[in-house]
Amino acid sequence: QFQDGKGTMWDSSGGLPANCVRALGACGGKFYFWLCDSPHGNGGNGALYCFDPETRTLTNLISTRSTLIRNELDGGAPYPIEAILGDETRGCLWLGLGPYGKDVPGRLRRTALWRYDLKTGQVGRVERIPDIQCNALAWIDRCILAADMGAFLNLIMFDPSTSQVSRLVGS
């Protein structure tokens, strides 16, 4: 935080649950970030938080360690969120879950693109997108570009309005 030309650093000594920010996004004047145990992610435990700069409050939205299962991504097994893309039009966040995550029996496969509803706190996996790790997300012409930068580059365009999927690069 910067105030009067001076910066303030926030870390675990100042109240943050962890020091490693794996992904960061913004929507509606708030910041959303994935805090995790390891700077490499690698499927370690982590949590999605919302920081409201107006009220200076930090709210936990999703956690790999949660015992209270609020949605499909709470608890069960560790996984990393690699990318966060805010969508003010739909009131949601698009979450790119990367590799290393462990699937939970009886629950949806986690490595994929997910939608987090900011009003209800519910999540949904975008089933039309093939099982790719979503390392990076960006807006291009009202569509989401999802990049899988694993062993082979895959680029997928997803139109949230029509649910149409187009593979640009990869197989």
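Begin by selecting Asn71 together with Gly121: a polar atom of the Asn71 side chain lies 3.2 Å from the backbone oxygen of Gly121, a polar contact being a pair of N or O atoms within 3.5 Å in which, within protein, one atom must be able to donate a hydrogen and the other to accept it, while residues adjacent in sequence count only if both atoms are side-chain atoms. Add Leu73 to the selection, and its backbone nitrogen appears 2.9 Å from a polar atom of the same side chain, that of Asn71. Asn71 itself belongs to the loop between strand 6 and strand 7 (81-87), where strands (E, at least two residues) are DSSP runs numbered from the N terminus. With 4% relative accessibility Asn71 counts as buried, the classes being buried under 20% relative accessible area, exposed over 50% and partly exposed in between, with a 1.4 Å probe and protein chains only.

Before going on, note that this is a predicted model, in which local features need pLDDT of at least 70 and side-chain atom pairs count only at pLDDT 80 or more, whereas totals for chains, interfaces and linings use all residues. Residues are numbered from 1 along each chain as its sequence is written, and side-chain values use heavy atoms, with hydrogens and water left out.

Next, select Asn135, in the loop between strand 10 (123-125) and strand 11 (136-140). Its side chain and that of Glu82 are joined by a polar contact of 3.5 Å, and Asn135 is buried, at a relative accessible area of 17%.

Now turn to the aromatic rings. The whole structure holds three aromatic pairs, where rings of Phe, Tyr and Trp (its six-membered ring) pair if their centres lie within 6.5 Å, and planes under 30 degrees apart count as stacked, over 60 as edge-to-face and the rest as tilted. For Trp94 and Phe158 the ring centres are 5.7 Å apart and the planes stand at 70°, so this pair is edge-to-face. The two residues are 64 apart along the chain, and the pair links distant parts of it, with Trp94 in strand 8 (residues 92-97) and Phe158 in strand 13 (residues 153-159). Trp94 is buried at 3% relative accessibility, and Phe158 is buried too, with a relative accessible area of 4%. Show Arg115 as well, since this residue lies over the face of Trp94, at 6.0 Å from the ring centre; a charge sits over a ring if NZ of Lys or CZ of Arg is within 6 Å of the ring centre and within 35 degrees of the ring normal.

From Phe158, extend the selection to the whole of strand 13, which is largely enclosed by the rest of the structure, because six of its seven residues are buried. Strand 12 (residues 143-149) runs antiparallel to strand 13 and is joined to it by six bridges, two strands being paired if DSSP finds at least two bridges between them. Within this pairing, Phe158 is the bridge partner of Ile144. Strand 14 (residues 164-169) also pairs with strand 13 in the antiparallel sense, over five bridges, and here Asp159 stands opposite Gln164. Four residues lie between the strands of this hairpin, in which Ser163 takes a positive phi near 65°.

That value leads to other backbone positions, given that most residues other than glycine have a negative phi. Select Arg142, in the loop between strand 11 and strand 12: its phi is positive, near 65°, and the residue is exposed, with a relative accessible area of 72%. Then select Arg56, in the loop between strand 5 (46-52) and strand 6 (57-63), which has a positive phi of about 60° although it is not a glycine and is partly exposed at 44% relative accessible area.

The last stop is the open sheet of four strands with the order 3-4-5-6 and antiparallel pairing. Its edge strands, each pairing on one side only, are strand 3 (20-27) and strand 6. Strand 4 (residues 30-36) pairs with strand 5 over six bridges in the antiparallel sense, and Gly46 in strand 5 is the bridge partner of Cys36.

Which cysteine sulfur is nearest to that of Cys36? The sulfur of Cys20 is, at 5.3 Å, and Cys36 is in no disulfide, a disulfide being a pair of cysteine sulfur atoms within 2.5 Å; by this rule the count comes to zero. Cys36 is buried at 4% relative accessibility, and Cys134 is buried with a relative accessible area of 0%.
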